[in-house]
Amino acid sequence: MKKRRLSKVLLSSTALLLIALTEVLVQLPPGPESWDERLLVLAPAPFGAYMTWRLFLNPYVVFLESHACINNAFTRYRIPYNLVSSCKGKRSLLVEVNGYGVIPVDAFDASFIGRKKRDEIAAEFERRSSEFSQNDLRGSFSKFSTTGWPEYLGPGVTLLLFLIALTGH
């Protein structure tokens with residue numbers, strides 16, 4: 001069972017990119033001399049796409065046999081069900097883990113619209129944690145940083161496009 005919010009974010013980010021492209025095509029006159037100006041206006045688009053992916057498409061929750069994986073924006077948690085003591089949060093989901101504190105789940109927005117999905121995931125956490133006893137040691141808690149090449153690729157491509165556009169003037 002893997003839960004993430006994908007469709008609305010993907011649709012809205014694609015629509016925003018199409019709107020930006022349309023504005024550039026309409027506002028700048030056609031011709032070979034305007035490509036530098038168009039590139040300069042569109043240079044922030046890769047960074048925006050990267051941030052949309054990292055903050056909205058990347059977070060997810062996966063329920064496995066003996067543990068759950070929570071992939072937040074920049075951190076991945078592996079939480080055995082026997083360590084989950086409760087799920088909190090009025091608008092967003094917070095999983096309380098024995099000995100490790102409270103872990104936010106970024107896969108669900110903190111809005112009243114997504115509350116039903118948040119409640120379903122909290123119930124699934126509580127159901128699975130009640131199946132495992134506190135003495136059942138089928139895994140250990142782990143926390144990994146998920147930063148890597150995408151953190152350099154998105155801003156790097158944006159900077160490269162800015163440099164190409166500025167040197168073309």
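V95 has I103 as its bridge partner in β7, and on the other side C87 has V95 as its bridge partner in β6. That puts V95 in the middle of a row worth following through this predicted model. The sheet around this row is an open one of 3 strands, ordered β5-β6-β7 with antiparallel pairing. Its edge strands are β5 (84–88) and β7 (101–105), each of which pairs on one side only. On average, neighbouring strands here are turned by 25° against each other, direction ignored.

Taking the pairings one at a time, β5 is joined by 4 bridges to β6, residues 93–97, and the two run antiparallel. The pairing of β6 with β7 is antiparallel too, with 5 bridges. As a general point, strands of a sheet pair through backbone hydrogen bonds, in either a parallel or an antiparallel way. β6 and β7 form a hairpin with 3 residues between the strands, and G99 takes a positive phi there, near 85°.

A salt bridge also turns up in this part of the chain: the side chains of E96 and K88 meet at 3.5 Å, N to O. With a relative accessible area of 27%, E96 is partly exposed. K88 likewise counts as partly exposed, because its relative accessibility is 37%.

Then there is the helix that goes with the sheet. Helix α4, residues 115–131, lies across β5 and β6 and runs at about 165° to β5. This helix carries a small story of its own in charged side chains. E124 and R127, both in α4, sit 3 residues apart, about one turn of the helix, and their side chains meet in a salt bridge of 2.7 Å, N to O. E124 also meets R128 in a salt bridge, this one at 2.5 Å, N to O; those two are 4 residues apart in α4, again about one turn. Salt bridges that share partners join E124, R127, R128 and E131 into one network.

How exposed are these partners? E124 has 14% relative accessibility, so it counts as buried, and R128 is buried as well. R127, by contrast, is partly exposed, with a relative accessible area of 39%. Across the model, the salt bridge count comes to 5.

Away from this sheet, T75 gives a look at strand β4, residues 75–80, where it is found. T75 counts as buried because its relative accessibility is 18%, which is under the 20% cut-off. Leaving aside neighbours within four places in sequence, T75 is in contact with I70, K143, F144 and T146.

On the outside, L17, L18 and L21 make a nonpolar surface patch of about 250 Å². Of these, L18 is found in helix α1, which covers residues 7–27.

Zooming out, the protein chain has 5 helices and 8 strands. Read from the N terminus on, the elements go β-α-α-α-β-β-β-β-β-β-α-β-α. Of the 169 residues, 35% are buried. Contacts between residues at least 6 apart in sequence include a good share of long-range ones: 63% of them join residues at least 24 apart. The accessible surface of the chain comes to about 10200 Å², and 64% of that belongs to carbon and sulfur atoms.

Key:
Residues numbered from 1 in each chain as written. Predicted model: local features only at pLDDT ≥ 70, side-chain atom pairs only at ≥ 80, totals over all residues. Heavy atoms only, no water. Buried < 20%, exposed > 50% of the residue type's maximum accessible area, 1.4 Å probe, protein only. Contact = heavy atoms within 4.5 Å. Areas by Shrake-Rupley, 256 points an atom, 1.4 Å probe, with all protein chains shown as cover. Pairing = 2+ DSSP bridges. Axes fitted to C-alpha atoms, helices over the stretch in contact; angles between N-to-C directions. Patch = residues over 30% accessible without salt bridge, like charges linked within 9 Å, V, L, I, M, F, W, Y side chains within 5 Å. Salt bridge = Lys/Arg side-chain N within 4 Å of Asp/Glu carboxyl O.
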